[in-house]
Amino acid sequence: MATVQTVLGPVGADALGVVDAHEHVFLSSPALPGEHFDDPERMAAELELVAGSGIGTVVDLTTVGLGRRPAELAEISRRSGVQVVLATGYHRDAHYAADHWVHREQAEILLDVLLTDLRTGIDGRDWRGPVPKPTAVRAGVVKVGASYQRMTAGERRRIEVGVEAARLTGVGIAAHCEIGTMAAEILDLAEAGGLTADRVALAHLDRNPDPGLHGELAARGAYLIYDTVGRIKYRPDSDLIALVDRLVNDGHADRLLLGTDVGRRTMLRAYGGGPGMDVLGRDFLPRLRRHAGDEPVDRITRANPARFLATKDVP
Ligand SMILES: [Zn+2]
């Protein structure tokens, strides 16, 4: 039976429950000054809210060097009962300081880091050096990213490395598409590197809520992650419900994933902010069920993530 690699080990793909496909449990990025969250006690409390909202599994798309704490994450997962699939991979340029090693190391070193995370275990110091602290907590998905409307040479190189790591290990790739851009270009790179489109999930597509574009990407076979649930400053959730509706009616229900992507401490209940990581299960999914019925919601939150996250056999 197909399995999914969580921070507590492999689980059956049919045992994920309702999945939040884009979160961060610990995050520290130079692109988000003052917004880091790294406190295990607070984040355990946040994940307990998530558990109470009916979510069974969250996908933590934090990349190499941005504050992953694999040992603490495993402990929080155990305590809260929320299963966590943790990423490896490299983000877009803005998330790394100019002197970070990701900008200068050779591709084979960049690939070795990802393969260690996926096959052996993530460095307990998240590769911030100088001495690694191996853990047995393995990554279960690869994250890549590009800038708004463009892909720098470094981003392209790191996306190619991420694609190769996914191809060699059978896990899927989640792509950060800044404000919904560069999705087709990242998908092209993934296919050129030997992945089929159904191994790629394009994140933040709802920042550019263009149903025609989304339909084209879904028709190619890629997953689309709508992950700005509860972000009223972008648009009301009613717009997001209408977008889901449109894609479902156009025949793409089996290509959609949902998430919250609370990437700032001011968005977390445990730090006194909002809407909280539990906004998906607490507010949005009940509303979507009332509007669209159970069938598409179960497909989007259970069947699709189980299919995407299941590790494929590598020939
Ligand atoms: Zn994110």
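This note walks through the overall build of the protein, its zinc site and two further residues.

1. Basis of the model. The structure is a predicted model, in which local features need pLDDT of at least 70 and side-chain atom pairs count only at pLDDT 80 or more, while totals for chains, interfaces and linings use all residues. Residues are numbered from 1 along each chain as its sequence is written, and side-chain values use heavy atoms, with hydrogens and water left out.

2. Overall build. The protein has 9 helices and 10 strands, these being DSSP runs numbered from the N terminus (helices H or I, at least four residues; strands E, at least two). Its radius of gyration is 18 Å, close to the 20 Å that the globule rule gives for 315 residues, so the protein is as compact as a globular protein of that length; the radius is taken over C-alpha atoms, and the rule is 2.2 Å times the number of residues to the power 0.38. The C-alpha trace spans about 50 × 45 × 40 Å along the principal axes.

3. Burial and contacts. Of the 315 residues, 58% are buried, where buried means under 20% relative accessible area, exposed over 50% and partly exposed in between (1.4 Å probe, protein chains only). Among contacts with a separation of 6 or more, 72% are between residues 24 or more positions apart, contact meaning heavy atoms within 4.5 Å.

4. The zinc site. The zinc ion has as its protein donors His22 (NE2), His24 (NE2) and Asp261 (OD), which lie 2.0 to 2.3 Å from the ion. The pair His22 and Asp261 links distant parts of the chain, 239 residues apart, with His22 in strand β3 (residues 19-23) and Asp261 in the loop between β10 (256-258) and α8 (279-292). Donors are N, O and S atoms within 2.8 Å of the metal (3.2 Å for Na, K and Ca), and since water is not among the atoms, sites may look incomplete. His22 is buried, at a relative accessible area of 1%, and Asp261 is buried as well, at 8%.

5. His91. This residue, His91, sits in the loop between β5 (83-89) and α3 (107-119), and is buried with a relative accessible area of 6%. Neighbours within four places in sequence aside, the contacts of His91 include Tyr96, Lys143, Arg158 and His176.

6. Glu72. Helix α2 (residues 70-80) holds Glu72, which is partly exposed with a relative accessible area of 27%. Beyond its neighbours within four places in sequence, Glu72 is in contact with Phe26 and Pro40.
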